[in-house]
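Me: Please take a close look at a single part of this structure, the place where the two chains meet. I would like one connected account of it.

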Amino acid sequence: MHIAEGYLPPVHAAAWGVASAPFVVHGVRALTREVRSNPESTLLLGASGAFTFVLSALKLPSVTGSCSHPTGTGLGAILFRPPIMAVLGTITLLFQALLLAHGGLTTLGANAFSMAIVGPWAGYGTYVLFRRFGAPLMVAVFFGAFVADLSTYCVTSVQLALAFPDPGSGVPGALAKFGGIFAVTQIPLAVSEGLLTVLVMRLLTQSSKGDLIRLGVLAGRTAERHEGAAAR
Amino acid sequence: MSRNAKINTLLLLVVAALAVLPLALGLGDHKEEPFTGADAEAETAITELQPDYEPWFSPLYEPPSGEIESALFALQAALGAGVLAYYFGLRRGRRQGAARAGAAGTEATGTEGVPAAAEADTKTGIGTGTGAGIGADAGTGTRTGSDSGAGAASGVRAVDGRDA
């Protein structure tokens, strides 16, 4: 999903940078606040970042005969909310741009917008919506991660279509072309990402119930009882 | 194998199947170079749409060969997997430690620990378990009820002593 270095015209690159910056700055503040008020979160924050690291290094073959990779941003967005994921996602992108020549510094703004901002927000929104309509936790987690992954690649397609409209059919034509490359390839990978996120969330419910209750992911009987006790 | 472990294994198997099926079914056969990166395909598409477009910036550092690049990708995955494994390992160890301390606490302190822990809770709120908290956790469960964390979590905090 990474737009390669130099492959966005300067004006587009700058515009996406300007669009992303406030989200990342706000994210850094949210992250500092979280670490300061809940020092015990640091470990789980690290684990969420690590999940993004692993998944975005995992290039998998797909149905279209090309390879792509998941993003791993759904998990962190569900656990810590999207602003914090904007930071963790951008760090991952920066690592890949600097060391792997994968993505780039000029396209960092555009890539951060798709992977670290829109993906987490769309995934988190989906998760919240599913929970509100009474879906079981793991179903909501699956669709949250699925949407976070797929929406990232849809945004990338839009970004490229805007920068390189088809000479004949314009932006829609280019969108169909880039969508065919990115979004269609990504569908089975988004399913994989959903399943892997469910797996990690299952492990977390076994190992870190306290953290999940504190973060509001698990309601937990103890939390309700605590509220009851506080009311008394 | 427990039911939990079975479900987890099944999840991993489905992910593996999703990755292997496109290869096994030969879905890349129609291409000159099957299973290239989607990013590279996008670059090709750009040159088709705008043949005169020249990338105006090049990466500051580029891995000198495909081997070095895959090594760096492996490093990225290994770093991430290492941190995840550390996290789950640490949690598991703490949980086991808490369970063990809890078991010891039932025999040793029992009733004595309860009022002290309850008092500490009302004073400073959540997770201020001290040594006495351990006994309370296992001993009765009154404290677990008033704590916002799960029983195990408060035990963990008490053992680790960071918050105390």
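Reply:

**The interface of chain B and chain A**

In β1(B), B:Thr36 is the bridge partner of A:Ser66. The model is predicted: local features need pLDDT of at least 70 and side-chain atom pairs count only at pLDDT 80 or more, while totals for chains, interfaces and linings use all residues. Residues are numbered from 1 along each chain as its sequence is written, chains are lettered from A and ligands numbered from 1 in the order in which they are written, and side-chain values use heavy atoms, with hydrogens and water left out.

A:Cys67 stands opposite B:Gly37, also in β1(B). Two bridges join strand β2 (residues 66–68) of chain A to β1(B), and these strands run parallel. Helices (H or I, at least four residues) and strands (E, at least two) are DSSP runs, numbered from the N terminus; two strands pair if DSSP finds at least two bridges between them. An open sheet of three strands results, in the order β1(A)-β2(A)-β1(B), with mixed pairing. Its edge strands are β1 (60–61) of chain A and β1 of chain B, each of which pairs on one side only.

Beyond the strands, 66 residues of chain B are in contact (heavy atoms within 4.5 Å) with 74 residues of chain A. The area buried between chain B and chain A is about 6000 Å², and carbon and sulfur atoms give 69% of this. Buried area here is the accessible area (1.4 Å probe) that two parts lose on being put together, summed over both.

As to polar links, the rule finds 20 residue pairs in polar contact across the interface of chain B and chain A, both residues at pLDDT 80 or more. A polar contact is a pair of N or O atoms within 3.5 Å; within protein, one must be able to donate a hydrogen and the other to accept it, and residues adjacent in sequence count only if both atoms are side-chain atoms. On the side of chain B that touches chain A, the elements giving two or more residues are α1 (3–24), β1 (36–37), α2 (38–49), α3 (66–108), α6 (142–146) and α7 (151–160) of chain B. The largest share of that side, 16 residues, comes from α3(B). By class, the side has 39 nonpolar, 15 polar and 12 charged residues.

Two salt bridges (a side-chain nitrogen of Lys or Arg within 4 Å of a carboxyl oxygen of Asp or Glu) are found across the interface of chain B and chain A. A:Asp211 forms a salt bridge with B:Arg91, with the closest N and O atoms 2.5 Å apart. Over all chains, the structure holds five salt bridges.

Methods
Ala, Val, Leu, Ile, Met, Phe, Trp, Tyr, Cys and Pro count as nonpolar, Asp, Glu, Lys and Arg as charged, and the others, Gly among them, as polar.
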